[in-house]
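These are my notes from a first look through this structure. I went through the contacts between chains, then the salt bridges, then the cysteines.

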Number of protein chains: 4
Amino acid sequence: MRTLDVGVLGATGVVGQQFVARLARHPWFRPSWLAASERSEGKAYDAVVPWRLAVPIPEGAIGRMVEACTPGRGPKVVFSALDASVAGEIEQQFAAAGHFVVSNARNFRMDPLVPLLIPEVNADHLTLLPEQQRTKGWKGAIVTNPNCSTVVLAMALAPLRAFDLQTVLVSTMQAVSGAGYPGVPSLDILGNVVPFIGGEEEKIESETQKILGKNGGRSPHSAVISAHTNRVAVVDGHTMTVSVNLGAKPGMADIVAALQSFRGRPQELDLPSAPQPPILVATEPNRPQPRLDADRGDGMAVTVGRVRPCKVTHAKFVALGHNTVRGAAGAAILNAELMAADGIFD
Amino acid sequence: MRTLDVGVLGATGVVGQQFVARLARHPWFRPSWLAASERSEGKAYDAVVPWRLAVPIPEGAIGRMVEACTPGRGPKVVFSALDASVAGEIEQQFAAAGHFVVSNARNFRMDPLVPLLIPEVNADHLTLLPEQQRTKGWKGAIVTNPNCSTVVLAMALAPLRAFDLQTVLVSTMQAVSGAGYPGVPSLDILGNVVPFIGGEEEKIESETQKILGKNGGRSPHSAVISAHTNRVAVVDGHTMTVSVNLGAKPGMADIVAALQSFRGRPQELDLPSAPQPPILVATEPNRPQPRLDADRGDGMAVTVGRVRPCKVTHAKFVALGHNTVRGAAGAAILNAELMAADGIFD
Amino acid sequence: MRTLDVGVLGATGVVGQQFVARLARHPWFRPSWLAASERSEGKAYDAVVPWRLAVPIPEGAIGRMVEACTPGRGPKVVFSALDASVAGEIEQQFAAAGHFVVSNARNFRMDPLVPLLIPEVNADHLTLLPEQQRTKGWKGAIVTNPNCSTVVLAMALAPLRAFDLQTVLVSTMQAVSGAGYPGVPSLDILGNVVPFIGGEEEKIESETQKILGKNGGRSPHSAVISAHTNRVAVVDGHTMTVSVNLGAKPGMADIVAALQSFRGRPQELDLPSAPQPPILVATEPNRPQPRLDADRGDGMAVTVGRVRPCKVTHAKFVALGHNTVRGAAGAAILNAELMAADGIFD
Amino acid sequence: MRTLDVGVLGATGVVGQQFVARLARHPWFRPSWLAASERSEGKAYDAVVPWRLAVPIPEGAIGRMVEACTPGRGPKVVFSALDASVAGEIEQQFAAAGHFVVSNARNFRMDPLVPLLIPEVNADHLTLLPEQQRTKGWKGAIVTNPNCSTVVLAMALAPLRAFDLQTVLVSTMQAVSGAGYPGVPSLDILGNVVPFIGGEEEKIESETQKILGKNGGRSPHSAVISAHTNRVAVVDGHTMTVSVNLGAKPGMADIVAALQSFRGRPQELDLPSAPQPPILVATEPNRPQPRLDADRGDGMAVTVGRVRPCKVTHAKFVALGHNTVRGAAGAAILNAELMAADGIFD
């Protein structure tokens, strides 16, 4: 694979920083174009970014001039870390101008012509792109990744579709980094739980059905899904308890085997960001835990534990993933890797 | 009500300290006898207790000599804050010796002849006592209060029995004070979630059925209950998400009304520790929260919020209670208040 | 003392809420007038306030109409919880219009004609008021309380002036509630320390010298003070390590005795909010701790511990106080109590 | 450098786990011998270790049989992660039996014949070894690394010796991982500060003088040092505020330059664990912070920030280092690297 120039829209925000950090050491993609709002335009990236990551600003981003989010400027492939308040319009303009927009924003996720992609789960949804381009009159295209909780849940559920997945009850314990910066006030979360995250339950319920569905997601999966979402005093890593009804009534060992043996196209293609394997099954009785397990597979693996019978549904378990890696920047980068491998950018 | 002398078994532990602190300002009970293990015997309470509460040691406990847990010594009514490792034998000996043991320990909770009492919910279970005394040959008796998570759940479910309660799926987020002292190591819980608490899920499932059951709990309630239990970085207050199937299919307003209008014998009798009302329904969308709501009703009220439809079951909500007050010492004291009001100690 | 009507400027902010909560149960003051910015004007207090306290909104504030901060309106005595960005102008207008403004804002603290008052420490600084009124041409007046860290330090240092206090080195560990709401982002402080609080070190150094000084603070105390300020993951309670040079070279027991026997005019007058005693000296080796000691004396006492020799200075110790009570609303209310007792409002 | 077999005494504890994890990827050392207490003897390492790190157990340690701490067994070079309660006797026996014991335990740190080594600071203290061996009659030897707070302070002070370092006042904010596992109870530290760590202040004061001293540490540095030590709710990374008197009265820029240009033998020799540079000077006003800076230099660098004048001493600053890397296992491994490079193990 020859190196491909890529850009980042919204490069100075928290998710944008994650794109910049992860792309800096990417074997295929070179982040040669960083765009942000007009007040950063023309200034050095390191002079305007309120850098919040534990790794330093990459060498390659130091001194790089930030540009405006102007369609037609920048490389053919751009990652979008834009805030939802502006992502809708800007991403559409970029797609119209011929860019492939690989977006972490929520705006187009539920658009029936836009893939809501988890490469291990629904790589076939990329077949929507020609129709998307034709219908919308775009020379480029938009591909999205799911909400940071949805991706963990959908990964864990994907192997269970084989057992006739009928109902899903999920209760999340989500990290504060999922709310961006400044995000959650410390007075709200220190020594506390906030049992509400605006819009999150609806996203988990609808996005999961689309991802697990057929026909590019236009035929949503029939599983009935109900989510409780909670914010807890964790920095990174969304943990969730899950109860599922499986019509095929598999044994617990069958469920564990299905999770452990699950593979997708990223693993087959050995994409640079692909976790091997994508789902880890913890054997210790008190795992997964966000502080110990969020970074598994360089932050791209989902860890499942405590698979056991549920008296109300059929089975229950705990699932965990890194919300700002597998749930944001890392997800989009893996999407772009699959698209690159499939020749979509050629 | 004339003042009644009471004792505390295990007075130096974390729960014992809570008994000592709450009894110090009790209008009916006077904590005149503090007992602990032999290594504290004969020493002043304040000299041996590793006091962990934010309120100071009560005046009345300062200088009071700690005695051994010897049956027959001490007042007729004793609260037990003993550890489960020793509670079984000692409580039995005290009951045999004629004491009324009002216990927070788990050992006798599931004994079919021992009331597992929440005065608002199953005050009638006290009718087990004569049979308990007869069958066991005890002159005294044992009455227990539930596990700290169970009491919150059972309180919230009690008003819903009227709607044909069929299934309950609960996922808890429990405070560290529930594990005693030293309890949970800080390395396990700082910035973390531990999705496992040994034995807790079984207790929640079985204790709740007994409490909500008939015939003194010997006919457990038929609701099928499944629990996920998690430890989070909260000091006091167990929060839980709950999904319930209700055969009568009430509207959400009916559920809220049932919760708000719920009253029990403690409220009718206006017992000193009775919260008025026992269940608060929060109207803000992001409540209850442990840091803001655990102390409601002097720690004795359960707060419910976010009552809404559930796509998988019928309704879902969040419930919260103070685990070391409503879930431990406060619960036992309320039990004793009901017993005193009913003349059981006469 | 007959009941006195008082108002609160900035009643809907975090500090304003504390005024409303504490005044609701005050024996002398009746909070009959709540003022805030124009966007709240004419609306019910409970409808506009983003209430953040663990105690509920007081009965008396529910349904009360919020008014604008218009000088001449409202009672003679008004507490100011205004943000520093607006406090300067508004407080001055109120003083000119004849109000006594008892302010928690920083704007006038270092004005040589405005008392920076801790009633136990420098009650005599109130003698500045006639000159303040004359010079500024105000019919009313302004009295301020110190920064939330300064008050803890100045209280602990006040009894040490008798030993020829020469130098003070203080390193703070401050709670997030000191920064208001939304204040400190959780991403900044969860599992972290931020060794910087803008402007705080300068305030501690200069305010303490004024408070401990003579002539109404216009002759600052000669002690040289140096502060390090840090934010830690604590909700309420500022803890600080302090090293002091004392020219009189007292023994450690002398220092402890001076702290324990310290009394001021609030204690002599037995003012409603006066902690008895104002300074507690902890004897346990690992105290004071914010979670266990911040609420001592209903949040108005300062707790000192670990008094011991310092190899570099002469003595060192730990001091702790409740930053939003003793360091904000409670401090202003105690100031007003002293002023009322002294007949200043008559 | 050819690969050298090394052993770990106390391999199953928290510090032992860090040795196993870091040695697993070491270019020179091969951890071929893991020893622990007798109850683990003969069992597979992964079967007995309560693994607490976020990285998985290394491949090479899985299935490796744990041996007893028997002198004469195991390789010539052994790292000691033993608890202080047993380290004294066992380390002495190993040294007598001809092993080079590179220890993290505190037992021999203040022995005048045992180097208390920070390779950047006092590499010359290794010249004590021949006299140690002769006097004690050991064929092997013992070399120690400092306490986890001391190493951060001593690193930051080393470059300041050139300015006539006279007094040091340090106030620490230490992470819970410094107390091992289970270590600090969560009830003690959640939302709290504990202003006391047993024995820690004495260690910081005496160890620092030895490290900065001459003649192998037998002529301690004359700087007078006073420490306040505090535990805060941080997982990894000790932060400390430091005020220093420097007789030479350098400008702040001179101090920064001295810190930044500081190099030691590990940097000259380019040892595998040597951070390049050893001291980073943060330019942001609110750094260093443990969550963002503890991992700098793979956990081996010390970060200093906020260098500014102090009104009481001459200058003040904040210093930070990773307590379980630079302050424990990483420190000992760097010590062994220097010894290997100097031919001491040959």
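**Entry 1: polar contacts, A with B.** Before counting, I fixed the term: a polar contact is a pair of N or O atoms within 3.5 Å, and within protein one must be able to donate a hydrogen and the other to accept it. I also kept in mind that this is a predicted model. With that rule, I found 24 residue pairs in polar contact across the interface of chain A and chain B, both residues at pLDDT 80 or more.

I then looked up which elements of chain A lie on this side. Those that each supply at least two residues to the side touching chain B include the strands 7 (165-173), 8 (224-228) and 9 (238-246). Strand 11 (302-309) and strand 12 (315-321) of chain A also belong to this group. The helices of chain A that do so are helix 7 (186-189), helix 8 (200-211) and helix 11 (290-293). Sorted by class, the side of chain A that touches chain B has 23 nonpolar, 14 polar and nine charged residues.

**Entry 2: extent of the A and B interface.** I noted 46 residues from chain A and 46 residues from chain B in the contact. Chain A and chain B bury about 3,600 Å² between them, and carbon and sulfur atoms account for 57% of it. I asked which three residues supply more than any other three of the area that chain A buries against chain B. They are A:Pro195, A:His228 and A:Arg291, with 16% of that area.

**Entry 3: salt bridges between A and B.** The rule finds eight salt bridges across the interface of chain A and chain B. One that I looked up joins A:Glu205 to B:Lys311, with the closest N and O atoms 2.8 Å apart. Another is the salt bridge between B:Glu201 and A:Arg306, at 2.9 Å from N to O. This pair crosses between chains, since B:Glu201 sits in helix 8 (residues 200-211) of chain B and A:Arg306 in strand 11 of chain A.

Are these two residues buried or exposed? B:Glu201 has a relative accessible area of 5% and is therefore buried. A:Arg306 is at 14% relative accessibility, so A:Arg306 counts as buried too.

**Entry 4: the D and C interface.** I repeated the steps for the other two chains. The contact takes 46 residues from chain D and 46 residues from chain C. The area buried between chain D and chain C is about 3,600 Å², with 57% of it from carbon and sulfur atoms. I counted eight salt bridges between chain D and chain C. One salt bridge that I looked up is formed by the side chains of C:Lys311 and D:Glu205, at 2.7 Å from N to O.

For polar contacts, the count between chain D and chain C is 23 residue pairs, both residues at pLDDT 80 or more. Among the elements of chain D that give two or more residues to the side touching chain C are helix 8 (200-212) and strand 9 (238-246). By class, that side of chain D has 23 nonpolar, 14 polar and nine charged residues.

**Entry 5: salt bridges within a chain.** Over all chains, the structure holds 64 salt bridges. In chain B, I looked up the salt bridge of B:Arg265 with B:Asp342, at 3.0 Å from N to O. It links distant parts of the chain: B:Arg265 is in helix 10 (residues 265-269) and B:Asp342 in the segment after helix 12 (325-341), 77 residues apart. B:Arg265 counts as partly exposed at 30% relative accessibility, and B:Asp342 as partly exposed at 33%.

In chain C, the side chains of C:Arg22 and C:Asp298 meet in a salt bridge at 3.4 Å, N to O. The two are 276 residues apart, with C:Arg22 in helix 1 (residues 14-23) and C:Asp298 in the loop between helix 11 (290-293) and strand 11 (302-309) of chain C. C:Arg22 is buried, at 14%, whereas C:Asp298 is partly exposed, at 45% relative accessibility. In chain A, I found A:Arg22, A:Arg25 and A:Asp298 linked in a network of salt bridges.

**Entry 6: cysteines.** How many disulfides are there over all chains? The count comes to zero. I checked why B:Cys310 is not bonded: its closest cysteine sulfur, in A:Cys310, is 13 Å away, too far for a bond. B:Cys310 is buried at 5% relative accessibility. B:Cys69 is also buried, with a relative accessible area of 17%.

Note on methods. Residues are numbered from 1 along each chain as its sequence is written. Chains are lettered from A and ligands numbered from 1 in the order in which they are written. This is a predicted model: local features need pLDDT of at least 70, side-chain atom pairs count only at pLDDT 80 or more; totals for chains, interfaces and linings use all residues. Side-chain values use heavy atoms; hydrogens and water are left out. Contact means heavy atoms within 4.5 Å. Buried area is the accessible area (1.4 Å probe) that two parts lose on being put together, summed over both. A salt bridge is a side-chain nitrogen of Lys or Arg within 4 Å of a carboxyl oxygen of Asp or Glu. A polar contact is a pair of N or O atoms within 3.5 Å; within protein, one must be able to donate a hydrogen and the other to accept it, and residues adjacent in sequence count only if both atoms are side-chain atoms. Helices (H or I, at least four residues) and strands (E, at least two) are DSSP runs, numbered from the N terminus. Ala, Val, Leu, Ile, Met, Phe, Trp, Tyr, Cys and Pro count as nonpolar, Asp, Glu, Lys and Arg as charged, and the others, Gly among them, as polar. Buried means under 20% relative accessible area, exposed over 50%, partly exposed in between (1.4 Å probe, protein chains only). A disulfide is a pair of cysteine sulfur atoms within 2.5 Å.
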